[in-house]
Amino acid sequence: MTTTSAPSDNPFVDPATSFDDAGRGNSFAANATLALGRNVSLTLGTDSLIVLDEENEQRAGSNCCGLWPSGTANTRAIPFYNVLWAELKDSELTLQYASPVSKKVVRAATLKYPVEYQMVEFVNKWIYRLLDRSYGESQRRKRVKVLVNPHSGKGSAEKWYHRDAEPLLKAANCTIDMVKTTYRGEAVLISEKLDIEAFDVIASVSGDGLPHEVFNGLGKRTDAKKALSKIAVVNIPGGSGNAMSCNLTGTDSPSLATLAIIKGIPTPLDLISITQGDTRTLSFLSQSVGIVAESDLATEHLRFLGGQRFTYGFLVRLINKTVYPCDIAIKVAIDDKQAIREHYKREQSNFEPASERRGYRSHHLLEDDASASTGSGSNDDSLPPLRYGTINDKLPDGWELVPYDKLGNFYCGNMAYMAADANFFSPALPNDGFMDLVCINGDISRLHAMKMMFAVENGNFFDMPGVWYRKILGYRIIPKNQEDGFISIDGERVPFQPFQAEVHKGLGTVLSKSGHMYEAPGPI
């Protein structure tokens, strides 16, 4: 008769296997504890490595910076998530882990223990199990191309990298090649020429501008689709805008984000093609025309205010009830808020593998979308063809250009957080094959506009009256009655000219905690 161990709250019990499994030799459950001498034991617990060390006060450098539970000076629990590496070398076991020094900071720390020669085989098996529990689906020893923008974060990005990120990457046995960018657009060239067989990740220590360049550099390659699927693009927060990190790692802390990247799971990411004039660029974050674009881009001279410059710009334009007239055509997929909410819930429980999240399947397409832009039918490995054409082509069949003479804000998002405290697109998903669009009239009352602004911060924006929210496949927008203005693509200013956008399902790759969701709270 097979007996399976019951769930337990005891951290010393490993719930992953049964004792019968251990007896059959299929696991090391019965050998989860590694005894090193009389005073030290290391145990694989429920979700942590349990360290009992009766000599910790005498052992130099063994203080765990807050990991010691109160009242048990010789016992600590190191979450598997925080375990970076373990190895046995020259009869010494070395454990590398991320030790919390505050709520927003972790630092690389080390434990070392001597091992007797007769225990070598057992210790190596124990290390294998520890790393398996610590990394799960995540790739170990990632090969990382690091791009540091020394001008980001008021000039602090390089300091933050060396202090907060590099020691953790080294402790996790990652291979690192770091380059400091020296001019705008350099990351495009670096990514375009990168040997993609030599790296797994491109990490930008910057705001959201450098990842935008990286995606576009990979997109310029003749093997663009291969490069975009193989190389994970990530952001170590180093700028004033760190939306990418907030969405994928749940933090704007450089050290916590680095830990999340080390443990990150490859996740397909929808990318958006933007055609304007004769150019085609890729967008990973957002596109905006109206008050959001102007509040951001027109306040560049107020960067010393930090995040408050956006609030200042927003309030000035709000008081003036500024409108941004445009003609807009949209390919709508879902236009009902309840249907959007149900779509989000379905994706929450969708754990299909990454290979199934790239390119459109029949259930994602509308009737007139018979040719998938990122499907596997083409042998061409460059960027997928545009199924709706460019801004210079005639309006796609079924699209209708509608005048919006009182437009206050046209905001299209591919991620949820647009800033650390701005969950603007709560139903956004990494690879559902849709863009999320918000349109708001510019002539609404100032009081209602202020309520909307506060609703973004408290998570109620999606349900606000007057917020027109849709899941879409593409759009064309033509500004009018203005000689000049502001259009923002991923926070970067582009010419004030008509442009067209369409989404490519799962074209890019990032690293996320879950492998299929953002860290932002979804629609309530």
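Is Arg 107 buried, partly exposed or exposed? Arg 107 turns out to be partly exposed, with a relative accessible area of 28%. Keep in mind that you're looking at a predicted model. Below is a quick tour of two open sheets, the helices that pack on them, some salt bridges, a couple of cysteines and one buried leucine.

**The three-strand sheet**

- Strands E5, E6 and E7 line up in that order to make an open sheet, and they pair antiparallel.
- The edge positions go to strand E5 (83-89) and strand E7 (105-114). Each of these two has a single partner strand, so one side of each has no neighbour in the sheet.
- The strands don't lie perfectly in line: neighbours are turned by 25° against each other on average, if you ignore direction.
- Strand E6 covers residues 92-102, and 10 bridges hook it up to E7 in the antiparallel sense.
- If you want a pair to look for on screen, try Leu 95, which stands opposite Leu 111 in E7.
- Helix H2 (residues 120-135) packs on this sheet and touches E5 and E6. The direction of H2 makes about 165° with that of E5.
- Helix H4 (residues 157-171) packs on the sheet too, touching E5, E6 and E7. Compared with the direction of E7, the direction of H4 is off by about 30°.
- A bit of background: strands of a sheet pair through backbone hydrogen bonds, and the pairing is either parallel or antiparallel.

**The four-strand sheet**

- Another open sheet has four strands in the order E1-E2-E3-E4, again with antiparallel pairing.
- Strand E1 (33-36) and strand E4 (75-79) are at the edges here. Each pairs with a single strand, so one side of each is left without a neighbour in the sheet.
- From one strand to the next, the twist averages 15°.
- E1 pairs with strand E2 (residues 40-44) over four bridges, in the antiparallel sense.
- Within that pairing, Ala 35 has Ser 41 in E2 as its bridge partner.
- Helix H2 shows up again: it lies across E1, E2 and strand E3 (48-53), at about 135° to E1. Since H2 also touches E5 and E6 of the three-strand sheet, it's a handy landmark when you rotate the model.

**Salt bridges**

- The count for this structure comes to 19 salt bridges.
- One of them joins Lys 104 and Asp 252, whose closest N and O atoms are 2.7 Å apart.
- Lys 104 sits in the loop between E6 and E7, while Asp 252 sits in the loop between helix H8 (243-249) and helix H9 (254-262), so this pair ties together parts that are 148 residues apart in sequence.
- Lys 104 is partly exposed at 44% relative accessible area, and Asp 252 is partly exposed at 29%.
- Asp 164 and Arg 107 also meet through their side chains, with 2.7 Å from N to O. Asp 164 belongs to helix H4 and Arg 107 to strand E7, and the two are 57 residues apart.
- Asp 164 is buried, at 4% relative accessible area, whereas its partner Arg 107 is partly exposed.
- Arg 107, Arg 163 and Asp 164 form one network, joined by salt bridges that share partners.
- Arg 221 and Asp 223 make another salt bridge, at 2.8 Å from N to O. Both of these residues are buried.

**Cysteines**

- How many disulfides does a search of the whole structure find? It finds zero.
- In case the term is new, a disulfide is a covalent bond between the sulfur atoms of two cysteines.
- For Cys 439, the nearest cysteine sulfur belongs to Cys 412 and is 8.7 Å away. A disulfide requires the sulfur atoms to be within 2.5 Å, so Cys 439 is in no disulfide.
- Cys 439 is buried, with a relative accessible area of 5%. Cys 246 is buried as well, with a value of 5%.

**A buried leucine**

- Leu 269 lies in strand E12 (residues 265-276).
- Its relative accessibility is 0%, so Leu 269 counts as buried; the cut-off is under 20%.
- Leu 269 and Leu 507 are 238 residues apart in sequence, yet their C-alpha atoms are 6.1 Å apart in space.
- Setting aside neighbours within four places in sequence, Leu 269 is in contact with several residues, among them Phe 215, Phe 284, Met 415, Pro 430, Leu 507, Val 510 and Tyr 518.

Terms used:
Residues numbered from 1 in each chain as written. Predicted model: local features only at pLDDT ≥ 70, side-chain atom pairs only at ≥ 80, totals over all residues. Heavy atoms only, no water. Pairing = 2+ DSSP bridges. Axes fitted to C-alpha atoms, helices over the stretch in contact; angles between N-to-C directions. Contact = heavy atoms within 4.5 Å. Buried < 20%, exposed > 50% of the residue type's maximum accessible area, 1.4 Å probe, protein only. Salt bridge = Lys/Arg side-chain N within 4 Å of Asp/Glu carboxyl O.
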